[in-house]
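Open the model in your viewer and keep the selection tool at hand. Each stop below says what to select and what is there.

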Amino acid sequence: MKTLSLVIAFALSFAIMGCDETKKVIDVAGNVQLSGAYNITSVDGISVPGNSEKNVFISFAALDKSVRGNTGCNTFFGNYTLDLYALSFKDIAVTEMACEKPVMDIEQGVLAALRNTGSYGLQNNVLTLYSKNDRSVLLTAQKDTKEAN
């Protein structure tokens, strides 16, 4: 009976470790998949025009789980956490240049999207950030396939 209990305990611990290891593999794969630069195409349903001076973009680095980008006026940087499809941003810092109102409106939308993100989708090189409250679309971005990260 004691041997049977040990076998069952070993099997249960192996199954639990197996689940943890599977989750780690899925998280690493998600980080690698998300890695790279994306040109932001819309914020809160409003199209973001291409700008020859400063691209509005977001870039993910899988190795240190850092994020950086440009709002069209200011640069931002910080960290992100990823758990399956749950995505959140933390410690986001932004430079403080002033720009014209339309550009600042886009900036405010990008920063609000980062604060309110709860999950993401990535399909056909299009990144979509979804609200943590109601899963509405906050931001869409096209992967920059020219940049290698």
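The tour goes from the whole chain to single elements and ends at a pocket.

**Whole chain**

Remember that this is a predicted model. Show the cartoon first. The protein has two helices and nine strands. Read from the N terminus, the order is α-β-β-β-β-β-β-α-β-β-β. Now colour by accessibility. Of the 149 residues, 35% count as buried.

**Strands E3, E4 and E5**

Select residues 66-70, which form strand E4. Is this strand enclosed or open? Four of its five residues are buried, so E4 is largely enclosed by the rest of the structure.

Add residues 57-61, strand E3. E3 and E4 pair antiparallel, with five bridges. Look for phenylalanine 60, which stands opposite valine 67 in E4. Then check the turn. The hairpin of E3 and E4 has four residues between the strands, and lysine 65 takes a positive phi near 55 degrees there.

Next, add residues 75-83, strand E5. E4 and E5 also run antiparallel, joined by five bridges. Stay on valine 67: its bridge partner in E5 is glycine 78. So valine 67 faces phenylalanine 60 in one pairing and glycine 78 in the other. The hairpin of E4 and E5 has four residues between the strands. Glycine 72 takes a positive phi near 100 degrees in this hairpin. Keep glycine 72 labelled for a later stop.

**Aspartate 91**

Move to strand E6, residues 86-94, and pick aspartate 91. Check its backbone. Most residues other than glycine have a negative phi. Aspartate 91 has a positive phi of about 55 degrees, although it is not a glycine. Is aspartate 91 buried or exposed? It is exposed, with a relative accessible area of 60%.

**Helix H2**

Select residues 101-116, helix H2. It has 16 residues. From first C-alpha to last it reaches 22 Å, close to the 22 Å expected at 1.5 Å a residue.

Show side chains at the start of the helix. Where is the salt bridge? Lysine 101 and aspartate 105 meet in it, at 3.1 Å from N to O. A search of the whole structure finds one salt bridge. Both residues lie in H2, four residues apart, about one turn of the helix. Lysine 101 counts as exposed at 59% relative accessibility. Aspartate 105 is partly exposed, at 43%.

Pick proline 102, also in H2. Proline 102 is exposed, with a relative accessible area of 54%. Now draw a distance to the residue you labelled. The C-alpha atoms of proline 102 and glycine 72 are separated by 9.9 Å, and the two residues are 30 apart along the chain.

Which H2 residues are buried? Select Ile106, Glu107, Gly109, Val110, Leu111, Ala113 and Leu114.

**Strands E7, E8 and E9**

Select residues 126-131, strand E8. Five of its six residues are buried, so the strand is largely enclosed by the rest of the structure.

Add residues 117-123, strand E7. E7 and E8 pair antiparallel over six bridges. Threonine 117 stands opposite serine 131 in E8. Two residues lie between the strands in the hairpin of E7 and E8, where asparagine 124 takes a positive phi near 50 degrees.

Then add residues 137-143, strand E9. E8 and E9 are antiparallel, with five bridges between them. Leucine 129 has leucine 139 in E9 as its bridge partner. The hairpin of E8 and E9 has five residues between the strands. Find arginine 135 in this loop. Its phi is near 60 degrees, a positive value in a residue other than glycine. Arginine 135 counts as partly exposed, at 49% relative accessibility.

**Largest pocket**

For the last stop, select Val43, Asp44, Ile46, Asp105, Ile106, Gly109, Ala112, Ala113, Asn116 and Leu138. These residues line the largest pocket. About 180 Å³ of space lies in it. Which element gives the most to the lining? Helix H2 does, with six residues. By class, the lining has six nonpolar, two polar and two charged residues.

Three of the names should be familiar by now. Asp105 lines the pocket and takes part in the salt bridge with lysine 101. Ile106 and Gly109 line the pocket too, and both are among the buried residues of H2.

Terms used. Residues numbered from 1 in each chain as written. Predicted model: local features only at pLDDT ≥ 70, side-chain atom pairs only at ≥ 80, totals over all residues. Heavy atoms only, no water. 1 Å grid on protein atoms, 1.4 Å probe; cavity = no way out; pocket = protein on both sides within 12 Å on 5 of 7 lines; lining within 4 Å. Points joined across faces, edges and corners; volume = space filled by probe spheres on them. Nonpolar A, V, L, I, M, F, W, Y, C, P; charged D, E, K, R; others polar. Buried < 20%, exposed > 50% of the residue type's maximum accessible area, 1.4 Å probe, protein only. Pairing = 2+ DSSP bridges. Salt bridge = Lys/Arg side-chain N within 4 Å of Asp/Glu carboxyl O. Expected span 1.5 Å × (residues − 1).
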